[in-house]
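Here are my notes on this one, written as numbered points so you can follow along with the structure open. Have a look at the picture before you read on.

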Amino acid sequence: MDERQLRILRELGELGSVSAVAEALHVTPSAISQQLRLLQRSIPVPLTERAGRRVVLTDAGHALAGAAIEVETALARARHTITDFAEQPDGKVSMAAFHSAGSAFFPLMLRVFAGPDRPRLTLADEDVAQDRFPALTRDYDLVLAHRLDHGPPWPRTVAATTLLHEPLDIALPVGHPLASRPQLSPQDVADQPWITVHDGFPLMATIEAIAGVANRRLDIVHRINEFAVVAEAVAAGGGLALMPRWTTRVHPDVILRPLSGVHARRRIDVLHRPERTARKAVRTVLAELHRAAAAIRGRDPGGRPGDAGTRALS
């Protein structure tokens with residue numbers, strides 16, 4: 001039995017004829033009769049009987065029609081509960097981000113949603129390889145993920161929008177001989193020691209592109225995923241690194257130079273399962289993520305006094 005069949009049974013008990021039920025529900029009498037037959041198949045005792053030319057309920061039919069009222073009441077209450085839940089402005093919203101995105105976005109989001117009647121954020125760091133981000137949407141309402149422009153697209157099972165299209169710059173220690181140049185080419189940096197991310201992470205594709213354009217294998221001496229740690233290693237002279245321009249923190253002993261000759265940008269996308277945005281709280285957080293991205297993109301990356309064109313790590 002299903003909700004529609006129970007409603008027909010209830011209406012038959014109240015209206016007294018199949019034709020009256022059909023008129024009330026805006027369907028044909030034959031459609032009503034078919035649903036009654038389908039309902040009867042699942043019930044071991046007769047629900048209807050003939051009374052002259054009319055079909056009326058038996059005692060069992062009246063009993064089930066009474067139960068149908070309780071079923072409809074419970075379903076209506078459930079629908080209202082779901083509607084209220086979906087429209088809650090202060091509902092809980094879970095969000096995950098890889099480290100540099102979390103460092104840039106989390107503080108902004110926490111400040112925005114600090115007041116009453118606002119979504120309640122629960123935040124987590126998830127620094128995983130690109131192909132593992134979509135699976136995180138099972139556990140979180142929103143997932144900040146990274147990929148390169150020429151990387152594989154996200155699967156169609158998740159919805160994705162781009163928050164930032166962020167340049168990747170060469171990070172050098174202050175005082176490095178290459179720091180005096182306004183931009184650097186793959187040939188300029190190919191003979192330097194390098195600090196890179198682990199295999200499977202998007203930035204490695206750009207590292208490989210640098211090596212390809214320079215026609216030589218790079219000397220990778222350290223593999224560190226956390227950009228704050230990378231910045232410390234660069235500042236200490238451990239090597240050059242690719243660093244995002246907007247979403248990493250300022251380090252006083254590191255500068256950034258734009259890279260020419262290769263496409264050096266990454267996308268920061270927000271992923272979610274389509275049904276998650278049925279909730280008002282999730283839609284509110286998603287809209288605020290786009291506003292936060294505009295603020296991050298508009299930041300002045302700064303620089304060293306008297307050194308035009310130098311970008312401090314930001």
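1. Start with how far to trust it. This is a predicted model, and the mean pLDDT of the protein chain is 88. Of its residues, 95% reach 70 or more. The stretch to watch is residues 300–314, where the pLDDT is below 50. Beyond near neighbours in sequence, that stretch still has 42 contacts in the model. Don't lean on those: where pLDDT is low, the predicted coordinates should not be read in detail.

2. Next, look at Gly-298. Where does Gly-298 lie? You'll find it in the loop that runs between helix H10 (280–297) and strand E12 (311–312). Is Gly-298 buried or exposed? With a relative accessible area of 61%, Gly-298 counts as exposed, because the cut-off for that word is over 50%. If you want a sense of distance, pick Phe-201, which is 97 residues away from Gly-298 along the chain. The C-alpha atoms of the two are separated by 26 Å.

3. Now go to the hairpin of E1 and E2. Strand E1 covers residues 48–51 and strand E2 covers residues 54–57; the two run antiparallel and are joined by 4 bridges. One pair to find on screen is Thr-48 with its bridge partner in E2, Leu-57. The turn has 2 residues between the strands, and Gly-52 takes a positive phi near 70° there.

4. How do H1 and H3 pack? Helix H1 (residues 3–15) meets helix H3 (residues 29–41) at an angle of about 110°, and their axes are 9 Å apart. Angles of 65 to 115 degrees count as roughly perpendicular, so that is the label for H1 and H3. The crossing of H1 past H3 is left-handed. On the H1 side the contact is made by Arg-4, Gln-5, Ile-8, Leu-9 and Leu-12. H3 brings Ile-32, Gln-35, Leu-36, Leu-38 and Leu-39.

5. Last, a second helix pair, which takes us back to H10. Helix H5 (residues 99–112) packs with H10 at an angle of about 125°, with the axes 10 Å apart. That angle makes H5 oblique to H10. Here the crossing is right-handed. From H5, the contact uses Ala-104, Phe-105, Leu-108, Met-109 and Val-112. From H10, the residues are Val-285, Glu-288, Leu-289, Ala-292, Ala-293 and Ile-296.

Technical notes:
Residues are numbered from 1 along each chain as its sequence is written. This is a predicted model: local features need pLDDT of at least 70, side-chain atom pairs count only at pLDDT 80 or more; totals for chains, interfaces and linings use all residues. Side-chain values use heavy atoms; hydrogens and water are left out. Buried means under 20% relative accessible area, exposed over 50%, partly exposed in between (1.4 Å probe, protein chains only). Two strands pair if DSSP finds at least two bridges between them. pLDDT is the predictor's confidence in each residue, from 0 to 100. Contact means heavy atoms within 4.5 Å. Axes are lines fitted to C-alpha atoms, for helices over the stretch in contact, and angles run from 0 to 180 degrees between N-to-C directions. Angles under 35 degrees count as roughly parallel, over 145 as roughly antiparallel, 65 to 115 as roughly perpendicular and the rest as oblique. A crossing is left-handed if the near helix is turned anticlockwise from the far one by less than a right angle, and right-handed if clockwise.
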